[in-house]
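Student: I'd like to take a close look at a single part of this protein. Could you walk me through it slowly?

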Amino acid sequence: MNKKTILSGIQPSGILTLGNYLGALRNWVTIQHEYDCKFFIADLHSITVRQDPKVLRENTKRAVMQYIACGLDPQINTIFVQSHVHEHAELAWILNCSTYMGELSRMTQFKDKSQKQENVGVGLFDYPVLMAADILLYDSDFVPVGEDQRQHLEITRDLAKRFNSTYGEEIFKIPEAFISETGARIMSLQDPTKKMSKSDPNPNGYISLLDSRDVIIKKFKKAVTDSENIVRYSDEQLGIQNLINIYSSITQKSTSEIEREFEGVGYGKFKVAVGEVVADALEEIQKKFYELNSPEYDSFLTEIYEKGAKTAHGIAKSKLEQVYNAVGFVSKA
């Protein structure tokens, strides 16, 4: 039987966080044997915010290392860099011509991010169309998405249906959201109303996959909580709720089990306990990352993303040729 296809990517805007790991990467490792998985480093998406070229180049390579260190097997997954497959940008232009300004202006992420920028680039506005191209190029059956990406998947589905209807052919497969039973939405340690992000200006708000044990525990000790001093899962205690989610994701203990375990225990001990299990969980990842982050592995890593790009390009080229033919472009000689 042919496996269903899953596609997902993460921007190379810095060292990945605990949120990236618990919300995405760990789940990718779990599903990699069950699905035909294509995981990419979304460097085209990352330049909607100005990047230092040297840093971007280094972060992209580090992202490949972190994928492998977290447990993705390059022998069974297609791992590639988005900009290495030019069909992503080409299909995005075709889809642009079927996308309405009103659709993009309603995107919540655009509204939120544009408020933080003085001069808003067209790329930020157009981000969902490039994301649609990413997904549709590979006949993706499923796309792992969090709540903040649901709108983008919906517009992808709308664009695929519109294109198919316009040209009278089933060129694009209509993708579905992939919701993992074990996924967790990890929030900032300093502002539990916001998702944990590596772009957080406050480094105490996130846990980097490469933070040392001491740094991890210090950050958890500084995590925002409340004055109740009761370890209880409640929407009225968002800071503690976030810490319970993290502890639960790593230990696989239920909320009620965690509440019983820390009954009568103050926040101080609970925070340290969360920090300890996080540090333990990241220890093996860090060991593997630093092993890969040496000159002797340069060719190994290059081979992974070059092989991945070649595989991805073969699929994307075929799909784009279908699109060009449907639109009416003259075939190349």
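Student: Which residues are buried in helix 9?

Tutor: Before we start, keep in mind that this is a predicted model, where local features need pLDDT of at least 70, side-chain atom pairs count only at pLDDT 80 or more, and totals for chains, interfaces and linings use all residues. Residues are numbered from 1 along each chain as its sequence is written, and side-chain values use heavy atoms, with hydrogens and water left out.

Okay, on to your question. In helix 9, the buried residues are I216, I217, K219 and F220. "Buried" means under 20% relative accessible area, "exposed" means over 50%, and "partly exposed" is in between (1.4 Å probe, protein chains only). Helices here are DSSP runs (H or I, at least four residues), numbered from the N terminus. Those buried residues sit on the same side of helix 9, because they cover an arc of only 160° around the axis; the arc is that of the directions from the helix axis to the C-beta atoms. The general idea is handy here: an α-helix has 3.6 residues a turn, so residues three or four places apart point the same way. Now flip to the other side of helix 9, and you'll find D214, K218 and K221 exposed.

And what lies over the buried side? The cover includes helix 1 (18-31), helix 10 (238-251) and helix 12.

K219 deserves a second look. This lysine is buried, at 7% relative accessibility, yet K219 forms a salt bridge with D211, the closest N and O atoms being 2.8 Å apart. A salt bridge is a side-chain nitrogen of Lys or Arg within 4 Å of a carboxyl oxygen of Asp or Glu. Side chains of opposite charge can pair when their charged atoms come close. The partner, D211, is buried too, with a relative accessible area of 12%.

Next comes R213, whose salt bridge is with D280, with 2.5 Å between the closest N and O atoms. R213 lies in helix 9 (residues 213-221) and D280 in helix 12 (residues 267-292), so this pair ties together parts that are 67 residues apart in sequence. Both ends are partly exposed: R213 has a relative accessible area of 30%, and D280 has 45%. The link doesn't stop there, as a network of salt bridges joins R213, E276, D280 and E283.

To put that in context, a search of the whole structure finds 15 salt bridges.

Note on methods
Helix = DSSP H or I, 4+ residues; strand = E, 2+ residues; numbered from the N terminus. Contact = heavy atoms within 4.5 Å.
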